[in-house]
Amino acid sequence: MKFKHLVVLCIFIVLIGSFFACTKRGEEPSHMKKLKVITTLFPLYDMAKNIGADKAEVSLLLPPGVEAHSFEPKPSDIVKINEADVFVYTGKFMEPWADDVMKGTVNKNLIVVDASHGTKMIPGIFHDADEPVGSLDPHIWLDFDNAKIMVKNIVQAFQLQDSANKDFYEQKANDYSGKLTELDALYKKTLATCKDKEIVYGGHYAFGYLARRYGLKYLAAQGVSPDAEPTANDLIKLVEQIRKDKIKYVFYEELTSPKIAETIAGETKARMLLLNAAHNVSRDQVDQGISFFDILKRDLDNLTVGLSCQ
Ligand SMILES: [Zn+2]
C-alpha cells in the first residue's frame with residue numbers, strides 16, 4: 001500500500017472511531033438529549049426526578065447510607081457537578097461547602113439552584129458552641145410549604161435549561177406540589193387528633209419545621225447537626241421530661257445507630273419508633289425505589305402510634 005493510501009486509511013479509521021466514540025458518549029440530537037442534573041440531598045433528588053421524568057438524568061451526590069451533614073464532595077464529585085446542566089443544593093446552612101465549589105466551576109452552562117431561595121427559614125436549636133451566629137435550621141423540606149417553593153426553584157432551572165419542554169416540566173412540578181398539598185392536609189388532619197403533643201427525638205434537631213407546622217412540641221437530644229454527641233446533661237433532661245409527661249415513645253433517626261434513643265428508652269418505659277427526616281436513603285431503599293412521599297407517610301404512621309393519634 002502506498003504511503004498516501006495509508007494516510008487516507010488512517011484518517012478514515014480515526015473518523016470512524018471518533019464517530020462511534022461520540023455516539024457512545026450519548027451525543028444524541030438535541031431533542032433527545034437529557035438534562036443532566038446533580039442533587040445533594042434525597043428530597044431534592046426525588047423532586048428533580050419527578051419533575052424531569054424521562055427528560056432528565058438525575059443523580060444524588062450523597063452515596064447511599066451516608067450521613068448528610070458531615071458530607072463533603074470528593075474531587076470526582078466536583079468533576080460531575082462541572083459536567084452537569086443543573087446543580088441543586090439545599091442551601092448554605094445544609095451544604096456550607098457549596099459556595100466554594102461553585103466559585104471553582106468552569107462550566108458556564110451550569111445553572112446552580114439554591115433550593116432554599118424564597119423559603120421561610122426558622123432558627124434551629126444548636127447544641128454546638130462553634131455554630132456561627134445567625135445560623136438557621138437547614139431542614140426546610142420538612143415544612144411542606146417550603147417544599148413547594150423548592151419544587152418551584154427546581155422547575156425554573158429546568159425550564160431555563162430546556163425551554164422546549166417548558167410545559168412538560170410545569171405539569172410535572174404541579175403534580176408534585178399537588179401531592180405535597182394532599183400530604184400536608186393528611187398530616188394536619190391526623191396530628192390534630194393526637195392525645196400526646198410532644199415528640200422526643202433521640203437524634204439531631206431535624207423536625208423543628210414539622211413540629212412547628214402542626215402545633216407539636218419537639219425535644220431532640222442533639223442540635224441541628226448530628227456531629228456533636230449529646231452531653232449527659234442533655235440526656236438526663238430528656239429522661240426527666242419523659243417521666244414527667246408520661247411519654248410512651250421515643251423516636252430515633254434514620255441511617256445512624258439508634259444508641260441515643262436506646263439509652264433514653266433504657267432509662268424510661270418508653271418504646272422506640274423511627275422518625276425518618278429523609279436526608280438520604282440506604283442501598284436497600286434505593287433498590288426498592290423508595291420515594292420522599294413513602295418516607296413521609298411512614299413517618300405519619302409512626303407519629304400516629306407514638307403520639308396516640310386517630
Ligand atoms: Zn439533619
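**Figure 1. Spacing of the zinc donors along the chain.** In this predicted model, the donors of the zinc ion are spread along the sequence in the pattern H-x69-H-x64-H-x74-H. Which atoms coordinate the zinc ion? They are NE2 of His69, NE2 of His139, NE2 of His204 and NE2 of His279, sitting at 1.9 to 2.1 Å. The angles among the four donor atoms run from 106 to 113 degrees, and the site of the zinc ion is tetrahedral. For reference, ideal angles for four tetrahedral donors are 109.5 degrees.

**Figure 2. Two of the zinc histidines, up close.** Here we zoom in on histidine 204 and histidine 279, which both coordinate the zinc ion through NE2. Histidine 204 sits in the loop between strand E5 (198–201) and helix H7 (208–213), while histidine 279 sits in the loop between strand E8 (271–274) and helix H10 (283–288), so the pair ties together parts that are 75 residues apart in sequence. Are these two histidines buried or exposed? Both histidine 204 and histidine 279 turn out to be buried.

**Figure 3. Helix H2 and its surroundings.** How many of the 11 residues of H2 are buried? The count is nine, so H2 is largely enclosed by the rest of the structure. The buried ones are Phe42, Pro43, Leu44, Tyr45, Asp46, Met47, Ala48, Ile51 and Gly52. And what covers them? The cover includes strand E1 (35–39), E2 and strand E3 (86–89), and it also includes helix H5 (144–161), helix H6 (166–191) and H11.

**Figure 4. Where H2 crosses H11.** This view picks out one of the partners that cover H2, namely H11. The axes of helix H2 (residues 42–52) and helix H11 (residues 292–306) come within 9 Å and cross at roughly 130 degrees. H2 and H11 are therefore oblique to each other. On the H2 side, the residues that meet H11 are Phe42, Pro43 and Asp46; on the H11 side, they are Phe292, Phe293 and Ile295. Sorted by class, this contact has five nonpolar residues, one charged residue and no polar ones.

**Figure 5. H6 alongside H11.** Now for another partner of H11. The axes of H6 and H11 come within 11 Å, with a crossing angle of roughly 5 degrees. That angle is under 35 degrees, and H6 and H11 are therefore roughly parallel to each other. From H6, the contact takes in Tyr176, Lys179, Leu180, Leu183, Leu186, Tyr187, Thr190 and Leu191. From H11, it takes in Phe292, Phe293, Leu296, Lys297, Asp299, Leu300, Leu303 and Thr304. By class, the contact of H6 with H11 has 11 nonpolar residues, two polar and three charged. Phe292 and Phe293 may look familiar: they also meet residues of H2.

**Figure 6. Positive phi after two helices.** Just after H2, alanine 53 takes a positive phi of about 40 degrees, and alanine is a residue other than glycine. Alanine 53 is found in the loop between H2 and strand E2 (56–60). With a relative accessible area of 31%, alanine 53 is partly exposed. Serine 308 has a positive phi too, near 55 degrees, again in a residue other than glycine. Where does serine 308 lie? Look in the segment after H11. At 23% relative accessibility, serine 308 counts as partly exposed.

**Figure 7. Methionine 102 and the residues it touches.** Methionine 102 is part of helix H4 (residues 98–103). Its relative accessibility is 16%, so methionine 102 counts as buried. Leaving aside residues up to four places away in sequence, methionine 102 touches Ile81, Phe87, Leu110 and Val112. One of these, isoleucine 81, is 21 residues away along the chain, and its C-alpha atom is separated from that of methionine 102 by 9.0 Å.

**Figure 8. Glutamate 262 in helix H9.** Glutamate 262 lies in helix H9 (residues 259–267). At 44% relative accessibility, glutamate 262 counts as partly exposed. How far is glutamate 262 from methionine 272, C-alpha to C-alpha? The gap is 7.6 Å in space, for 10 residues in sequence.

**Figure 9. Stepping back to the protein chain.** The protein chain has 11 helices and eight strands. Of its 310 residues, 47% count as buried. Among contacts between residues at least 6 apart in sequence, 66% join residues at least 24 apart.

Definitions and conventions: Residues are numbered from 1 along each chain as its sequence is written. This is a predicted model: local features need pLDDT of at least 70, side-chain atom pairs count only at pLDDT 80 or more; totals for chains, interfaces and linings use all residues. Side-chain values use heavy atoms; hydrogens and water are left out. Axes are lines fitted to C-alpha atoms, for helices over the stretch in contact, and angles run from 0 to 180 degrees between N-to-C directions. Helices (H or I, at least four residues) and strands (E, at least two) are DSSP runs, numbered from the N terminus. Angles under 35 degrees count as roughly parallel, over 145 as roughly antiparallel, 65 to 115 as roughly perpendicular and the rest as oblique. Contact means heavy atoms within 4.5 Å. Ala, Val, Leu, Ile, Met, Phe, Trp, Tyr, Cys and Pro count as nonpolar, Asp, Glu, Lys and Arg as charged, and the others, Gly among them, as polar. Donors are N, O and S atoms within 2.8 Å of the metal (3.2 Å for Na, K and Ca); water is not among the atoms, so sites may look incomplete. Four donors count as tetrahedral if all angles lie between 85 and 135 degrees; four count as square planar and six as octahedral if opposite donors are over 155 degrees apart and all others between 65 and 115; anything else is irregular. Buried means under 20% relative accessible area, exposed over 50%, partly exposed in between (1.4 Å probe, protein chains only).
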